[in-house]
Amino acid sequence: MAKVPEVTISSNVEKQLMPVIGMGTCSYPPADHATVKSAVLEAIKVGYRHFDTAFAYGSEKPLGEAIVEALQTGLIKSRDELFITTKLWCSFAHPDQIVPACKMSLQNLQLEYVDMYLIHHPIRLTEVIRKTPVEVEIIRPIDLKGVWEGMEECIKLGLTKGIGVSNFSCEKLQEVLCVATIPPAVNQVELNPVWQQKRLVEFCKAKGIHITAYSPLGANNTKWGDNRVLDSDVLREIANARGKSTAQVKLIFFHFKS
Ligand SMILES: NC(=O)c1ccc[n+]([C@@H]2O[C@H](COP(=O)([O-])OP(=O)(O)OC[C@H]3O[C@@H](n4cnc5c(N)ncnc54)[C@H](OP(=O)(O)O)[C@@H]3O)[C@@H](O)[C@H]2O)c1
């Protein structure tokens, strides 16, 4: 089976290898536990080694169970073969809550460490609530210095190998870079042919921060996306000329861009 190419990323002193294609485990409406677990197991069978989850998705537990089963059945020999990303939810984006939130995610995942821990959004919520969109009244500014110190502590405690952010603008990233001892390795943002975020991509490239694209197919069939990517005439024309699907052309586009 062909191996998914890897990219070298670094936040910690140790460099990490991250498979460039990962499987997301967020769905709307949320998929049930058994569906997520079997989808992950099927993904491992066909060669996926990078999985993206978050406390907010409710998919940490089924992903963790799939990993246990993959080890038991010999689909993978060691947990180290996988690259697992999870995220600090906004309800815990307070300096005192970062380490406990990371430990809670590890417990859900039945893992001793994750490979990447990301701040999910640059905001704090005053309530423990998973559903989005959230009421504007419960949104507060985030204490980025204190929260980033908590993220660095997670690395020092061995709870995660790398740390990063998600949904951060150039300005928010600059704020983190000004206070960081360990800089963010990754910024996970929405990126696709109709939302290319060129300024952010250039900024991250200059600072050595790897961009991970979410909703690469434009998140069709979800409440936050639409069909503009998969219905694009230009992509369809390229796909027809190459005998590929629009989705395949789209994913290749981002592989070469990153
Ligand atoms: N950090 C964040 O804030 C954030 C936000 C959003 C997402 N994410 C991450 O990114 C992952 C992917 O996000 P997403 O679900 O929005 O991404 P997406 O890949 O752009 O959209 C998924 C949709 O694409 C369709 N699809 C998948 N493969 C296809 C193919 N070969 N041809 C045609 N349609 C295809 C699926 O439709 P069907 O359902 O009909 O199969 C699904 O509804 C999530 O699971 C999550 O891990 C992160």
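Where in the chain does S215 sit? S215 is found in the loop between β11 and α7 (233-242), and the legend for View 6 comes back to this spot. Everything below refers to a predicted model.

**View 1. The open sheet, strand by strand.**
Here we look at an open sheet built from 7 strands, with parallel pairing. Reading across, the order is β3-β4-β5-β6-β9-β10-β11. The edges belong to β3 (23-24) and β11 (210-214), each of which has a pairing partner on one side only. Strands of a sheet are held to each other by backbone hydrogen bonds, in either a parallel or an antiparallel arrangement.

**View 2. Two pairings picked out of the sheet.**
Start with β10 (residues 186-190), which runs parallel to β11 with 5 bridges between them. To find your place along this pair, look for V186, which stands opposite H210 in β11. Now move over to β4 (residues 50-52), which pairs with β5, again in the parallel sense, over 3 bridges. The handy marker in this case is D52, which faces T85 in β5. Strand β5 (residues 83-88) is mostly covered, with 6 of its 6 residues buried.

**View 3. Inside the second largest pocket.**
This pocket, the second largest, holds about 430 Å³ of space. Its lining counts 23 residues, and the ones closest to the centre are L17, D80, L82, F83 and D115. Sorted by class, the lining comes out as 9 nonpolar, 5 polar and 9 charged residues. Which strand gives the largest share of the lining? That is β2, with 4 residues. Both β2 (15-19) and β9 (160-166) put at least two residues into the lining.

**View 4. V7 and its contacts.**
V7 is part of strand β1 (residues 6-10). Setting aside neighbours within four places in sequence, V7 is in contact with Q16, L17, M18, V20 and H210. Two of those names have come up already: L17 is among the residues closest to the centre of the second largest pocket, and H210 is the residue opposite V186. For a sense of scale, V7 and A43 are 36 residues apart in sequence, and their C-alpha atoms are 20 Å apart in space.

**View 5. E60 and N108, a contact between two helices.**
E60 lies in helix α2 (residues 60-72), while N108 lies in helix α3 (residues 98-109). Is E60 buried or exposed? E60 counts as buried because its relative accessibility is 2%, under the 20% cut-off. N108 falls under that cut-off too, so with a relative accessible area of 16% N108 is also buried. Leaving out residues up to four places away in sequence, N108 touches F55, E60 and K61. On the same terms, E60 is in contact with T53, A54, F55, T86, S105, N108 and L109, so F55 shows up in both lists. One of the E60 contacts is T86; the two residues are 26 apart along the chain, and their C-alpha atoms are separated by 8.0 Å.

**View 6. Backbone oddities in three loops.**
Most residues other than glycine have a negative phi, and most peptide bonds are trans. This view collects three exceptions. Y28 and P29 are joined by a cis peptide bond, with omega at about -5°; P29 belongs to the loop between β3 and α1 (33-45). Q197 is not a glycine, yet has a positive phi of about 45°. Q197 lies in the loop between β10 and α6 (198-207) and is partly exposed, with a relative accessible area of 23%. Then there is S215 again, where phi is positive and near 50° in a residue other than glycine. S215 counts as buried at 12% relative accessibility.

**View 7. Stepping back to the two domains.**
The protein is divided into domain 1 (6-214) and domain 2 (220-258). How far apart do the C-alpha centres of domain 1 and domain 2 lie? The separation is 25 Å.

Definitions and conventions: Residues are numbered from 1 along each chain as its sequence is written. This is a predicted model: local features need pLDDT of at least 70, side-chain atom pairs count only at pLDDT 80 or more; totals for chains, interfaces and linings use all residues. Side-chain values use heavy atoms; hydrogens and water are left out. Two strands pair if DSSP finds at least two bridges between them. Domain bounds come from an automatic or database domain assignment. On a 1 Å grid over the protein atoms alone, a cavity is a set of points where a 1.4 Å probe fits but cannot get out, and a pocket is an open set with protein on both sides within 12 Å along at least five of seven lines; lining residues have an atom within 4 Å of a point. Grid points are joined across faces, edges and corners, and a volume is the space filled by probe spheres set on the points. Ala, Val, Leu, Ile, Met, Phe, Trp, Tyr, Cys and Pro count as nonpolar, Asp, Glu, Lys and Arg as charged, and the others, Gly among them, as polar. Contact means heavy atoms within 4.5 Å. Buried means under 20% relative accessible area, exposed over 50%, partly exposed in between (1.4 Å probe, protein chains only).
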